[in-house]
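This report describes selected features of a predicted model. Please view the sequence and the coordinates together while reading.

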Amino acid sequence: MNLFFDESGDFKAGVSMSQQGEAYQVEMPSGKRTKVRAKDVLLQFASPAPAEFMTDAQAIAAEIDLDFLWEVAGQDEFGFAELGTEYFGHAPKPHEAAGLILRLHAAPVYFYKKGKGRYKAAPEASLKAALAGIEKKRLQGLVQAQYVEELKAHKLPEAMRPLVLQLLFKPDKNSIEYKALDTACSELQIAPQRLMLAVGGIKSAKDLHFSKFLFDSFPKGIGFPEIAIPAMPELPVADVQAFSIDDVTTTEIDDAMSVTRLEDGKVKIGIHIAAPGLGIERDDAIDGIARQRLSTVYMPGDKITMLPDELVDAFTLAEGKVCPALSLYVTFDSSDWSIISTETKAEGVPIAANLRHNDLDEYVTEENLANDVGDYPHKEDLSLLWKLVQVLEQGRMAKRESFGLRPEQNNRIDFNFYVDDDIVSIQRRKRGAPLDKIVAELMILANSSWGKFLHEHGVPGIYRAQGGGSGNGWAAKMQVRMQTHAAPHQGLGVDQYAWSTSPLRRYTDLVNQWQIIACVEHGVTAPLVAPFKQRDADLFAIVSAFDAAYSAYAAFQSDMERYWCLRWLSQEKAKQQEPEDNLKVEATVLKEEILRLADIPLVIKLPGMQQVARGSQVKLDLLRWDEVDLTIEARLLDITQAADANAAELDEEDDLTEDLLEGDAEPVPDEQTVAAVTEEPAAIDSTIAPE
């Protein structure tokens with residue numbers, strides 16, 4: 001006896017060899033034997049042989065018209081034998097019955113299974129909807145196949161053009177567009193972003209990196225809504241002639257300074273900070289914009305401002321204007337530069353000049369200042385400030401050492417990026433130059449003084465603190481953190497440090513400015529009227545949001561600096577007499593397998609490199625680099641100079657201290673991107689966010 005049976009939805013036929021109770025021992029056409037339960041047997045037949053039987057059944061199934069079968073079935077539940085009699089017009093033969101079962105089982109859209117060998121026809125409405133879905137899927141399959149062919153031919157389908165960023169960065173994996181892209185990438189063996197570059201969905205590697213950042217951080221775009229410029233408050237005008245020091249590209253001029261010589265050798269130094277906090281109010285429309293962005297985003301050749309240009313123009317400390325400002329006046333005894341008194345005012349400040357690094361750096365040098373050489377604007381003021389800031393720095397270093405830290409290293413190199421029509425130039429300038437140090441020390445003085453001012457008035461602010469953290473390791477204890485109460489910043493050598501000097505570019509500084517203004521205007525009652533009170537949950541939320549956004553912006557800036565470094569390499573390679581030759585460059589060993597190029601702030605890793613002492617100067621052969629992945633391959637050619645003894649002696653504590661300090665001290669508060677590295681290999685991270 002032959003059996004036709006159901007084995008977990010798979011229909012088979014075989015020869016029954018024996019039966020024991022409710023089970024059969026069945027031999028399959030392949031010769032394999034299997035155990036079949038009696039309840040799974042649908043048909044018994046004597047002939048033909050099982051293999052031929054299945055062939056005949058499948059032929060019958062292929063001939064059955066599903067639409068006609070559905071009409072014959074009616075709306076009541078039925079057994080396959082009953083339907084077979086109606087459909088064939090006679091009691092079905094075994095192979096006909098088997099073919100009918102195969103057809104019923106293979107058409108779940110038409111027939112619902114209700115039990116072993118029993119089915120029910122789908123309702124008409126359900127059947128129509130299901131068939132429409134099948135047809136839609138079929139047509140989508142055709143469209144998807146067309147998309148795949150176009151992508152493989154390096155042509156971007158029009159329907160995919162507005163979806164490019166979503167497909168790359170946050171795809172709907174059920175969409176036919178994504179499936180087509182995935183299929184094309186698999187067949188071409190290429191990454192999605194590279195295929196999009198090839199088909200013109202993304203214009204260039206630069207646009208790829210920029211677009212990903214905008215997609216993640218600015219999903220609604222970078223444009224500003226229309227705003228009303230707040231009315232300027234009536235302020236007393238300061239009796240000073242202030243000046244700023246910035247890069248030539250800077251438009252958000254946050255800070256300026258003034259020098260007033262008093263009687264008996266006293267000098268009053270004014271630190272004047274743009275005061276948008278006098279016009280913007282907490283929770284107004286402009287505050288909403290600033291709080292959403294939290295900071296200006298910098299990249300070589302471009303930026304995304306925190307505030308609209310028209311608002312920046314209204315409050316920037318522009319030359320020839322009387323600008324609303326928050327001023328810190330510090331009176332010094334010029335004999336030893338000790339502080340006699342401090343005073344904070346909200347006032348209008350006349351801005352006499354916007355000095356630019358590009359114009360003055362070659363004239364305002366340590367040597368020229370020491371010898372009173374040169375003729376340039378505000379020469380006497382800059383000479384006096386240079387004497388002052390050296391004392392301020394010495395005081396900070398003494399404080400830093402009292403915290404148990406080594407003196408700050410002064411041998412770092414800054415790199416300024418300038419981009420014009422996709423041509424990048426990278427210029428070196430040593431950090432700690434007089435103009436840099438004057439700005440840096442005065443800003444540290446202001447941030448420290450105003451942090452103390454807030455603390456003494458019992459008003460919370462947003463502070464940067466370093467040292468004394470929890471944890472067992474040095475990194476945990478020295479991690480820079482943001483908090484709402486005063487605490488030492490050991491790396492900078494100050495008892496407290498509240499970011500307050502860049503309110504046009506950082507939301508934390510705008511918040512602190514509101515708090516400082518409340519202290520100025522209300523004195524001892526400031527804790528009652530300040531925009532943010534003690535333990536204000538919203539202040540903690542701002543700290544958390546700013547920290548996350550600032551980290552994301554810094555990571556993007558680092559990626560774009562790396563991209564432009566690779567572009568610079570391409571430019572240099574093109575200048576060679578034999579452009580097809582590999583580019584040879586000098587580099588410094590920072591630590592095992594980690595090197596930094598000499599001419600640009602590019603840090604690379606050479607896996608498997610022979611052991612070379614840190615601080616050694618080497619020559620590299622650059623094999624290839626990739627502007628999409630931001631990777632570079634190189635090989636070591638030669639050790640050109642052995643490590644300096646001092647560099648070799650630097651330990652992990654030095655490395656970590658310098659890493660944590662980067663970006664804190666506002667050394668170059670310019671708007672163009674600045675990357676900083678050290679002549680001695682004290683820091684692996686080669687970039688900082690501009691302060």
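How many bridges join strand β23 to strand β24?

## Strands β23 and β24

Strand β23 (residues 617-626) and strand β24 (residues 631-641) run antiparallel and are joined by 9 bridges. The two strands form a hairpin with 4 residues between them. Within that turn, L630 has a positive phi of about 60 degrees. D626 stands opposite T631 of β24.

## Nonpolar cores

The largest nonpolar core contains 104 residues, of which M196, L569 and L620 touch the most other members. Helix α19 gives the most to this core, with 15 residues. Apart from this core lies another, of 48 residues, which includes L328, Y376, L382 and L392. In soluble globular proteins, nonpolar side chains tend to be buried together.

Neighbours within four places in sequence being left aside, L620 is in contact with L583, K584, V585, A587, L595, L597, I604, L606, R635, L636 and L637.

## Strands β9, β14 and β15

Strand β15 (residues 338-356) is joined to strand β9 (residues 242-246) by 5 bridges, and these two strands run parallel. In this pairing, S244 has N354 of β15 as its bridge partner. β15 also pairs with β14, here in the antiparallel sense and over 12 bridges. L328 and T344 of β15 are bridge partners. A hairpin is formed by β14 and β15, with 4 residues between them, and W337 in its turn has a positive phi of about 60 degrees.

V322 belongs to strand β14 (residues 322-333). Beyond its neighbours within four places in sequence, V322 is in contact with V237, G348, V349 and P350. The C-alpha atoms of V322 and V618 are separated by 53 Å, the two residues being 296 residues apart along the chain.

## Helix α3

Which residues of helix α3 are buried? In this helix, which spans residues 80-88, they are F80, L83, G84, Y87 and F88. Viewed down the axis of α3, these buried residues fall within an arc of 115 degrees, and therefore line one face of the helix. Their cover includes β5 (41-45), α1 (50-63), α2 (66-73), β6 (78-79) and α4 (94-105). After α3 comes G89, with a positive phi near 80 degrees.

## The sheet containing β6

Strand β6, one of the elements that cover α3, also takes part in an open sheet of 3 strands in the order β6-β8-β7, with antiparallel pairing. β6 and β7 (111-115) stand at the edges and have a single partner strand each, so one side of each is left without a neighbour in the sheet. The antiparallel pairing of β6 with strand β8 (residues 118-121) extends over 2 bridges. R118 in β8 is the bridge partner of G79.

## Helix α10

Helix α10 covers residues 285-293, and its buried residues are I286, D287, I289, A290 and R293. They cover an arc of only 160 degrees around the axis, which puts them on the same side of α10. On the other side of the helix, A285 and Q292 are exposed. What covers the buried residues of α10 includes β13 (302-304), α11 (309-315), α17 (507-522) and α19 (537-575); α19 is also the element that gives the most residues to the largest core.

Both ends of α10 have a distinct local feature to report. At the N-terminal end, D284 acts as a cap, with a side-chain oxygen 3.2 Å from the backbone nitrogen of I286. Just after the helix, L294 takes a positive phi of about 75 degrees.

## Q490 and the cysteines

Is Q490, with a relative accessible area of 15%, buried or exposed? Q490 is buried, because its relative accessible area of 15% is under the 20% limit. Q490 lies in the loop between β19 (481-483) and α17. Its contacts, with neighbours within four places in sequence left aside, are R400, F403, L405, Q466, G467, G468 and M478.

C323 counts as buried at 1% relative accessibility, and C519 counts as buried at 2%. With a disulfide taken as a pair of cysteine sulfur atoms within 2.5 Å, the count of disulfides in the model is 0.

Key: Residues are numbered from 1 along each chain as its sequence is written. This is a predicted model: local features need pLDDT of at least 70, side-chain atom pairs count only at pLDDT 80 or more; totals for chains, interfaces and linings use all residues. Side-chain values use heavy atoms; hydrogens and water are left out. Buried means under 20% relative accessible area, exposed over 50%, partly exposed in between (1.4 Å probe, protein chains only). The arc is that of the directions from the helix axis to the C-beta atoms. Contact means heavy atoms within 4.5 Å. Two strands pair if DSSP finds at least two bridges between them. A polar contact is a pair of N or O atoms within 3.5 Å; within protein, one must be able to donate a hydrogen and the other to accept it, and residues adjacent in sequence count only if both atoms are side-chain atoms. A nonpolar core is a set of buried Ala, Val, Leu, Ile, Met, Phe, Trp, Tyr and Cys residues joined through side-chain atoms within 4.5 Å.
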